[in-house]
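Work through the following exercises with the coordinates open, and try each task before reading its solution.

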Amino acid sequence: MPAMSAPVAFSSPSAAFFAGAKTAVTSVFMLVLAGTYIGIGALTHDFGLSSWWLAISTVLVWAAPAQVILITTVTTGAALFEIALAVTLSAVRLFPMVVALMPVLRGPTTRLRDLLLPTHFTAVSMWVESLRLLPSIAHQCRIPLCNGMSAGYMATAAVFGFVGFYLAAGLPPLLAGGLLFLTPMSFLMSTARNARMMLDKLGLVLGLLIGPLLTILDVNLDLMWTGLIGGTLAYLVHRIREATT
Amino acid sequence: MNPLLMELWPYFLMVLVGYLPNEVWRVFGLVLARGLNEDSQVVVWSRAVATAILAGVIAKLILFSTGALAAIPLSVRVIAAVLGFLVFLGARRSVFAGVLAGEIALLAGGFLFSH
């Protein structure tokens, strides 16, 4: 959709919704989501959870990192509060995303309840595309368009979750291993791609090093400590660099 | 435990330790959207913590793999991840190219060296 001087308007909210769904299907995030959720489907199968459990978690949780943490810990007997802590720390990034998105969606007549669905839909894919597309859309069409696009992404993710689950069940072991490899690889590279500042790059590198180290040392709550130690170190380096330049 | 309860237990856990601790940040964002901006120090620090946690999960999935991936030797997994990342950097940060290269390296290495 090209940026135009006059904002693009649709005849009805449902027309805007379907236009949004169409942008989701033709977006580059489609491939990334498909690959990620095929991997998560395979992971779900590997950890002995059901395909419907995954589909419901995709609709309810709608955050691939939190879902991976949940899948890999919930059946292994980890302490419930540790799982909740790891999930909630992985989800902190959603907070600034919602904060940045709301002013774009909110118009003069917007009610709070109109914003509930976009708030739940907020995730990396939808957020990047919303900030790119919505400014050129008429205000009254932005929320339905955003909802349509997000529903498109969510449906894609749910469908490819099933695909990955049943592929992992039926494929020879080597190929099933390849599917499980999709999750860390797509996470690694999409995180690296989003890491523009030194702070994010350092957080990524420190997490990659500290995470396995704490696992080898058999430290309790290893994910929480990985985040707190790696993240705080990265933050301190960032502060010192800012203070000296 | 009652069989029906056993069946529903993973769903209950999903809501309790998955949905709720995840959703709370979205709701906070909606409620506090007028108060904080993206550059405030708490937000910057939380983003670094979140990135490090995600990186920890990534490293654990590659190094301490389970199931079918564990049958592929550790050295093959690490080399494939590094190769995939180098291709990602070389291909103007294309996630698709990087993942594809990593997968090809993993499958080739797994085919040659799996036991």
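**Exercise 1.** What percentage of the 245 residues of chain A count as buried? Describe the overall build of the chain as well.

*Solution.* The model is a predicted one, and in it 52% of the 245 residues of chain A count as buried. Turning to secondary structure, chain A holds 12 helices and 0 strands. The radius of gyration of chain A is 20 Å, close to the 18 Å that the globule rule gives for 245 residues, and chain A is therefore as compact as a globular protein of that length. Along its principal axes, the C-alpha trace of chain A spans about 60 × 55 × 30 Å. Finally, when contacts in chain A between residues at least 6 apart in sequence are considered, 78% of them join residues at least 24 apart.

**Exercise 2.** Determine how the length and the surroundings of helix 2 of chain B can be assessed.

*Solution.* Helix 2 of chain B covers residues 41-63, which makes 23 residues, and at 1.5 Å a residue it should span 33 Å. Its end C-alpha atoms are 33 Å apart, in agreement with that expectation. As for its surroundings, 17 of the 23 residues of helix 2 of chain B are buried, so this helix is largely enclosed by the rest of the structure.

**Exercise 3.** Which helix of chain A gives the most to the side that touches chain B?

*Solution.* Begin with the contact as a whole, which takes 78 residues from chain A and 65 residues from chain B. On the side of chain A, helix 10 (residues 173-194) gives the most, with 19 residues. By character, the residues of chain A that touch chain B divide into 53 nonpolar, 21 polar and 4 charged.

Technical notes: Residues are numbered from 1 along each chain as its sequence is written. Chains are lettered from A and ligands numbered from 1 in the order in which they are written. This is a predicted model: local features need pLDDT of at least 70, side-chain atom pairs count only at pLDDT 80 or more; totals for chains, interfaces and linings use all residues. Helices (H or I, at least four residues) and strands (E, at least two) are DSSP runs, numbered from the N terminus. The expected span of a helix is 1.5 Å times one less than its number of residues. A residue is buried if 20 or more other C-beta atoms lie within 10 Å of its own, exposed if 12 or fewer, and partly exposed in between; C-beta atoms are placed from the backbone. The radius of gyration is taken over C-alpha atoms; the globule rule is 2.2 Å times the number of residues to the power 0.38. Two residues are in contact if their C-beta atoms, placed from the backbone, lie within 7 Å. Ala, Val, Leu, Ile, Met, Phe, Trp, Tyr, Cys and Pro count as nonpolar, Asp, Glu, Lys and Arg as charged, and the others, Gly among them, as polar.
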